[in-house]
Structure formats: C-alpha cells, structure tokens
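Q: Could you help me learn to read a structure, one feature at a time?
A: Gladly; let us look at it together.

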Amino acid sequence: MEAEQKHALFIQAKEWTIEAGERIKERVQQPFKVNTKRDRKDLVTEVDEDTEKFFAEKIRNTYPDHQVLGEEGFGDDVTSLDGMVWIIDPIDGTMNFVHQKRNFAISVAIYQDGEGIIGLIYNVMTGDLYSAKKGEGAYKNKDLLPKLDRTRKLEDCLIGINQFWAVPNRRLDETGVHQLIRKVRGTRSYGSAALEFAFVAEGIMDGYITMRLAPWDIAAGVIIVQEVGGMATRADGKPLDMLRENTVITCNPAVHKEIIDNYLILKD
Ligand code: 2AM
Ligand code: CA
Ligand code: CA
Ligand code: CA
C-alpha cells in the first residue's frame, strides 16, 4: 500500500477510535447492562456491543471490501487474513470498565494480507493514544516512542502477569513462572492486554506474559511493540497466529530468549 493511502486509512481509523472513545466516556457513569459470556467472570456490556457495532457500520459503509474481526461478533466470519482485515476489541478490559470505570482501552488493528500495518490502542479515560504504522515507528499521542533499551537485564525487569500463575496451570509449568517472579524486580497486572502491550512499547514495563489471548486482544499491540524493537511471540517463541488464540509473550528483545528458554516450560 502506498504511504499516502496508508496514512489516510490511519487518520480514518484514529478518528473513529477517538469518536468511539467519546461515546464510551459519555456512558461510563450511566447505568448499563452487564451480561456474562463463557463464565461468571467473563463480562460483556451493551457498551462493548454498541462500540463494536459503531466500528463495523463505519467500516462497511466506507470500505465495503474490508473484513472486520471483532470480539463481540458484529463483524464478519473471518477465516482468512487475505485482503484488508480490521481486528477490533471495542473494550479491552471490560472488567475494569465495569468495576473501575478506567483502565480499559479500544484496540484497533488493520492487517493487509496477514501483515499488521496499522495499530491503535486508546486508553479511553486518560485520553492516551498509542499508535503505529508499520515501518514508521510507534507513538504515544504526538510523541515518537524510543526504541527499547537492548541492555536490559532480567533482574531489572517489571513483568506483567496475572492471577492464573498463582494456581496450577494446564499448559505451562507454573513453577517456572514462579522462578521468573523471584528473578525479576517486580510484577504488575493491569487487566487489559492491550494496555499491557502499550506499556511494554512505552518501556514502562519490560514484558507481559499471558495465556490464551484472542486476536483482538493483541493485534494492535503486536504492531506497536514491534515498532519500538520489542518482541511478540507465542510462549514457545513461534510466530503468533492472528486467527486463533495464543499464549503470548511480549517483551524487551534483551530478555525474550532467556524467559522462553528458562522460565516458560510448556507442559504438552
Ligand atoms: P476483554 O476485557 O476484552 O475480555 C483481562 O485479564 C484481559 O484478558 C483483558 O484484556 C481481557 O479482554 C482478556 N481476556 C481474554 N479472554 C478472556 C476471558 N475469557 N475472560 C476474561 N478476560 C479475557
Ligand atoms: Ca471480553
Ligand atoms: Ca480483549
Ligand atoms: Ca473486549
């Protein structure tokens, strides 16, 4: 895609993302319906659904040949990444949206023939927009984010992990992760995969490891992290698959191999 065309698409995606954020902000303090999906902890609200509908409608009207892959099912039944595909999480961190009314994000990515070309992560309540166009660097608002520090030592790292590592895990040996927790300087858990990717890109966290994330949780984050020289792979180091769930590690390149080789021990 021509740079000019890519820029026009970026401006459009950014405009819709900010407009969607304004709509969410108007509703965050009002009552809204909360339902559950897979289990009692897996929440969805009418604001999640309306936000995804907002994007799906805009994209269909403006770019009828583009596909939409969204968490709440108002997009298309996407089975291939051929052509232009928007991968959207209307609210990433729904539990934070419901309980905290902050610490959630809109995640919008555009993939062309399987390659991520545009990524946007909008921290709605702070107004911080993380964005990237492939090959053109990543930004926080108007500021170009510096490349990650390649001399970072694992013992100086701040790593994002969640509560699942406190109990036995089917896929990864939890004791390996416990060793990692002992090794690093600290851990954090923000409850929004998209924001954790953005924080890795910003360099305020050095890594984030989590199980079974869907494409919409990571699609924009991967593009933004890679633009600052960061890594984003499956827990076994293999490339991510944007059509299925992945157990994910994103981190500073200086510690990627060390974490995978020494601490992420796959059970199967
Ligand atoms: P969501 O808020 O869009 O559902 C929370 O730990 C992070 O994991 C959020 O980014 C959340 O995205 C994501 N996540 C993925 N699958 C989930 C699930 N089944 N239940 C809750 N959070 C999930
Ligand atoms: Ca969800
Ligand atoms: Ca999500
Ligand atoms: Ca979501």
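Q: Is Asp113 buried or exposed?
A: First, a word on the model. It is predicted, so local features need pLDDT of at least 70 and side-chain atom pairs count only at pLDDT 80 or more, while totals for chains, interfaces and linings use all residues. Residues are numbered from 1 along each chain as its sequence is written, and chains are lettered from A and ligands numbered from 1 in the order in which they are written.
A residue is buried if 20 or more other C-beta atoms, placed from the backbone, lie within 10 Å of its own, exposed if 12 or fewer, and partly exposed in between. Asp113 has 12 such neighbours, so it is exposed.

Q: Where is Asp113 placed?
A: Helices (H or I, at least four residues) and strands (E, at least two) are DSSP runs, numbered from the N terminus. Asp113 sits in the loop between S5 and strand S6 (115-123). Its phi is positive, near 45°, although Asp113 is not a glycine.

Q: How is helix H5 (residues 193-202) placed?
A: 10 of its 10 residues are buried, so H5 is largely enclosed by the rest of the structure. Among them are Phe197 and Glu202. Gly203 follows H5, with a positive phi near 85°.

Q: Which residues are closest to ligand 1?
A: A residue is near a molecule if its C-beta atom, placed from the backbone, lies within 6 Å of it. For ligand 1, 14 residues form the surroundings, and Asp42, Asp92, Gly93, Thr94 and Ala193 are the closest.
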